[in-house]
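Hi,

Here is the structure I promised to pass on. Have a look at it first, and then read on for my notes.

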Amino acid sequence: MSDKTKASNDVFVLGVGMTKFEKPGRRADFDYPEMAAEAVTKALTDAGVEYTAVEQAYVGYVYGDSTCGQRALYPVGMTGIPIINVNNNCATGSSALYLAFQAIRGGQTHCALALGFEKMQRGSLSSQFSDRTNPMDRHVEMMCEVTDMEAGPITAQMFGNAGREHMAKYGTTEQHFAKIAWKNHKHSVDNPYSQFRDEYSLEQILAAPTVHAPLTKLQCCPTSDGGAAAILVSRHFLERCAGAVARARAVRVLGRADDHRPAKLTLREELHEDGENRCTPIVGYDMTRLAAQRLFDQAGLTPADVQVVELHDCFSANELITYEALGLCPEGHAGRMIDDGDNTYGGKYVVNPSGGLISKGHPLGATGLAQCAELCWQVRGEAERRQVAGARVGLQHNIGLGGAAVVALYKMETEQPVKSSGVVTAHKDGAGLKSTPYFEKLQKLIEQEGKAIVDKIGGIIEFRVSPPPGRNAARWTVDLKSDEPGVYANSQRRAGLTLELSDADLTRLFAGELSPEQAYRQQKMRYMGDTGLAFKLRNLVETLHGYRAKL
């Protein structure tokens, strides 16, 4: 196959859309057709195309009658396209996405819709049929070979037992699982689509009612209502049918197979049967590991190329073991990764900036497509307060017990130029802000006393400055760690600490009229990342004051 032919098989996400995820029954007039119409309309608007451009649709849901996909799309348009209904347990949404990808990659269509939704019953998941073989019967049998059945939801037992296994084998503690939930709840505060937006302390998470030790209620995903959708297109469609704005925001689904099979999304369906009576493979660890290895090989990338991850944290235990399955850290090192903060802002990766299933919610059919939406927003730089600095490649992971695992990589098709400058006032985003001159002074201070101030701070701090009306926001990165320290505008450098505050409050902080502690207590400043580095902010401000006094 020629390079030209290969390029023609590239697949892009042109538009995404989703509803807010809700507690079942909370939102009136929110049946699945309404969920579908809202999500699809948003995706079409985001893509800049009409529904008539869609040639095929793949619709995912778990709980519903056999042709809900058709009924869901009637309000959007009745154009006569093929509509295929998909059910793959919790991986249903990403499986619909996978099938749409395959259709484009295989040359069957140039524009496909992937849609997922779920209208759920309240409470824990349960079997819907008692007169036939349960698809999870062998999984439960394997679990019972190594541990006794306990009271509580069966899915919580399966994932909780995998967590117990990791604790016994590697010394992981209950604190590690709780830290994951603490992180995800904290991330969701900034997600307007999230079912829950409450922040909890680590103590509150540990003290919540136990569902299945080590898992407490705040470490388990809820049942949810909601929908999400994505418009996938071929390169031919992108170049000939999409508008200029949409082309500039197209997100490429990465991956390459030497045998040219559709593999940019890798789907593995297999039950672990190697004779080892372990709990971890039952919940998808081996499927995830094999799928991720294949995906990275095909894409010519490694986990080190990824900055942001949306993974299947139905329970905190699953997020922990998935770090290792995806290759984000070596086997047995997930606890260290958590303790080092390498799963949140300022760390090596930002995992589940959306809040994940634990806090964003988990309407089964919509989850995989909501992950796709979040990653597209991240690599486009459109995730607002959740934005991961320097996000270029996003990794998705979605599993369905029974078993299915879907992994994918996303990257902007058009690389955006990195905007950085050693003189921050030269950048238009800082023009007119009262805090901008202080960054200029700080740059001069670093030029004069570089090593001394680097030794004192030893970190990278990002300032996100919200402007007064009529002005542009600004983002400055103060690098006091690398071999090239300085103040940079809109830099891709990975910050250990991110601070968010208004231009007026930052000006007061730099002027000595407001201490960092006061700013935080009065909720004038939010921070994400390294708490230790946050305590050094006072040192930075005092150093700047001393320098100004010399001028």
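Leaving aside its neighbours within four places in sequence, which residues is L238 in contact with? Before I get to that, please keep in mind that this is a predicted model. The contacts of L238 are F12, L14, V233, R247 and A250. L238 belongs to helix α9, residues 235-240, and it counts as buried because its relative accessibility is 4%, under the 20% limit. One of those partners comes from far back in the sequence: L14 and L238 are 224 residues apart along the chain, yet their C-alpha atoms are separated by 8.0 Å. Across the chain, 76% of the contacts between residues at least 6 apart in sequence join residues at least 24 apart.

Now the overall picture. The chain has 551 residues, and 56% of them are buried. It contains 20 helices and 18 strands. Confidence first: the mean pLDDT is 86, with 88% of residues at 70 or more. Two stretches to treat with care are residues 256-277, where the pLDDT is below 50 although the model gives the stretch 70 contacts beyond near neighbours in sequence, and residues 416-429, also below 50, with 30 such contacts.

On to the packing. The largest nonpolar core has 47 residues, and V306, V309, Y323, L326, L328, L395 and L409 are the ones with the most contacts inside it. Several elements supply at least two residues each, among them helices α5, α6, α7, α12 and α13 and strands β12 and β13. Helix α11 gives the most, with 6 residues. If you want one residue to click on, try L326: not counting residues up to four places away, it touches T288, A292, F296, P303, V309, L311, L395, H397 and V407. There is also a second, separate core of 39 residues, which includes V16, L97, Y345 and C376.

Y345 turns up again around a hole. The count comes to 2 cavities of 30 Å³ or more, and the largest has a volume of about 80 Å³. Its lining is made up of Y345, G346, G347, V350, Q387, V388, A389, R464, R494, A495 and T498.

R464 in that lining falls within strand β14, residues 459-466, which is mostly covered, with 7 of its 8 residues buried. What does β14 pair with, and in which sense? With β15 (residues 474-480) the pairing is antiparallel, over 7 bridges, and E462 stands opposite T477 there. With β17 (residues 497-502) it is parallel, over 6 bridges, and V465 stands opposite L501.

Helix α17 covers residues 503-511, and its buried residues include D503, D505, L506, T507, L509 and F510. Just after α17, G512 takes a positive phi of about 85°.

Some backbone details are worth checking by eye:

- The peptide bond from A213 to P214 is cis, with omega near 10°; P214 is in the loop between β5 and β6.
- The bond from G402 to G403 is also cis, with omega near 25°, and G403 lies in the loop between β12 and β13.
- D29 is not a glycine, but it has a positive phi of about 55°. D29 sits in the loop between β1 and α2 and is exposed, with a relative accessible area of 72%.
- E384 is another non-glycine with a positive phi of about 55°. E384 is in the loop between α15 and β12, and at 62% relative accessibility it counts as exposed.

To sum up what I would look at: the L238 contacts with F12 and L14, the 47-residue core with L326 among its most connected members, and the two-sided pairing of β14 with β15 and β17. For the stretches 256-277 and 416-429, remember that the pLDDT is below 50.

Cheers

Key
Residues are numbered from 1 along each chain as its sequence is written. This is a predicted model: local features need pLDDT of at least 70, side-chain atom pairs count only at pLDDT 80 or more; totals for chains, interfaces and linings use all residues. Side-chain values use heavy atoms; hydrogens and water are left out. pLDDT is the predictor's confidence in each residue, from 0 to 100. Contact means heavy atoms within 4.5 Å. Buried means under 20% relative accessible area, exposed over 50%, partly exposed in between (1.4 Å probe, protein chains only). Helices (H or I, at least four residues) and strands (E, at least two) are DSSP runs, numbered from the N terminus. Two strands pair if DSSP finds at least two bridges between them. A nonpolar core is a set of buried Ala, Val, Leu, Ile, Met, Phe, Trp, Tyr and Cys residues joined through side-chain atoms within 4.5 Å. On a 1 Å grid over the protein atoms alone, a cavity is a set of points where a 1.4 Å probe fits but cannot get out, and a pocket is an open set with protein on both sides within 12 Å along at least five of seven lines; lining residues have an atom within 4 Å of a point. Grid points are joined across faces, edges and corners, and a volume is the space filled by probe spheres set on the points.
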